[in-house]
Amino acid sequence: MGDVSTNVFEHDVIYNQLYKIPEKCKYCICQSICSGGCMHDNLLLMKNINIPAECNCKLQKFLTEQALKIYISLTDIDKKYLFGEESCYGG
């Protein structure tokens, strides 16, 4: 954020916002994945970069739940393949 004509930029404002977890997100299962969502989407949809857009929250929660369901259904061998601990080609 800033003004290119005066060469004045507010780097501290942006930096502080990048590492601030919105109150709404403090106890969310997806907090470490999305950290409040995309600032551009928040500004566009909520008119404030600090307020997560509800539609993005719902999508992120749905995707996280589906990923957890898939992970839970994996066998130990599947998990080894997934994390590269064992070759699926038998070698």
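# Contacts and surface of a predicted chain

User: Glu23 is exposed, with a relative accessible area of 61%. Which side chain does the side chain of Glu23 meet in a salt bridge?

Analyst: In this predicted model, a search of the whole structure finds 2 salt bridges, and one of them involves Glu23. The partner sits in the loop between α1 and α2 and counts as partly exposed, at 39% relative accessibility. The two side chains meet with an N to O distance of 3.6 Å, and the partner is Lys26.

User: Which residues is Lys26 in contact with, leaving aside its neighbours within four places in sequence?

Analyst: Lys26 belongs to the loop between α1 and α2, and its C-alpha lies 9.3 Å from that of Gly36, a residue 10 positions away in sequence. Contact requires heavy atoms within 4.5 Å. Once the neighbours within four places in sequence are set aside, the residues in contact with Lys26 are Ile21 and Gln31.

User: How many residues apart are Glu54 and Lys24, the pair that links distant parts of the chain?

Analyst: The side chains of Glu54 and Lys24 meet in a salt bridge with an N to O distance of 2.5 Å. Glu54 lies in helix α4, whereas Lys24 lies in the loop between α1 (11–18) and α2 (31–34). Glu54 is partly exposed, with a relative accessible area of 37%, and Lys24 also counts as partly exposed, at 43%. The pair links distant parts of the chain, and its two residues are separated in sequence by 30 residues.

User: How many disulfides does the structure hold?

Analyst: A disulfide would need a pair of cysteine sulfur atoms within 2.5 Å. For Cys55, the nearest cysteine sulfur, that of Cys57, is 8.2 Å away, and for Cys57 the nearest one, that of Cys25, is 5.7 Å away. Cys55 is therefore in no disulfide, and neither is Cys57. The number of disulfides in the structure is 0.

User: Is Cys57 buried or exposed?

Analyst: The relative accessible area of Cys57 is 14%. Residues under 20% are classed as buried, so Cys57 is buried.

User: Which residues is Thr64 in contact with, leaving aside its neighbours within four places in sequence?

Analyst: Thr64 lies in helix α4 and is buried, with a relative accessible area of 9%. When the neighbours within four places in sequence are left aside, the residues in contact with Thr64 are Cys30 and Ile33.

User: Which helix gives the most to the nonpolar patch?

Analyst: The nonpolar patch on the surface is formed by Ile29, Leu68, Tyr71, Ile72, Leu82 and Phe83, which together have about 640 Å² of accessible area. Among these residues, Tyr71 has its place in helix α4 and is partly exposed, with a relative accessible area of 35%. The most is given, with 3 residues, by helix α4.

User: What is the angle between the planes of Tyr71 and Phe83, which form an aromatic pair?

Analyst: A pair of aromatic rings is described by the distance of the centres and the angle of the planes. A search of the whole structure finds 1 aromatic pair, and Tyr71 and Phe83 form it with 6.4 Å from centre to centre. Tyr71 lies in helix α4 and Phe83 in the segment after α5 (76–82), so the pair ties together parts that are 12 residues apart in sequence. The arrangement is edge-to-face, with an angle between the planes of 70°.

User: Which residues does Met46 touch, not counting residues up to four places away in sequence?

Analyst: Met46 is found in helix α3 (residues 39–46) and counts as partly exposed, at 34% relative accessibility. Not counting residues up to four places away in sequence, Met46 touches Asp41, Ile51, Pro52 and Ala53.

User: In what order do the elements of the protein chain run from the N terminus on?

Analyst: The secondary structure of the protein chain comes to 5 helices and 2 strands. Read from the N terminus on, the order of these elements is β-β-α-α-α-α-α.

User: What percentage of the 91 residues in the protein chain do buried residues make up?

Analyst: The protein chain exposes about 7,400 Å², of which carbon and sulfur atoms supply 60%. Among its contacts with a separation of 6 or more, residues 24 or more positions apart account for 32%. Of the 91 residues, the share that is buried comes to 12%.

How values were computed:
Residues are numbered from 1 along each chain as its sequence is written. This is a predicted model: local features need pLDDT of at least 70, side-chain atom pairs count only at pLDDT 80 or more; totals for chains, interfaces and linings use all residues. Side-chain values use heavy atoms; hydrogens and water are left out. Buried means under 20% relative accessible area, exposed over 50%, partly exposed in between (1.4 Å probe, protein chains only). Patches are made of residues with over 30% relative accessible area and no salt bridge: like charges are joined within 9 Å, nonpolar side chains (Val, Leu, Ile, Met, Phe, Trp, Tyr) within 5 Å. Accessible areas come from the Shrake-Rupley method with a 1.4 Å probe; for residues, only the protein chains shown count as cover. A salt bridge is a side-chain nitrogen of Lys or Arg within 4 Å of a carboxyl oxygen of Asp or Glu. Helices (H or I, at least four residues) and strands (E, at least two) are DSSP runs, numbered from the N terminus. Rings of Phe, Tyr and Trp (its six-membered ring) pair if their centres lie within 6.5 Å; planes under 30 degrees apart count as stacked, over 60 as edge-to-face and the rest as tilted.
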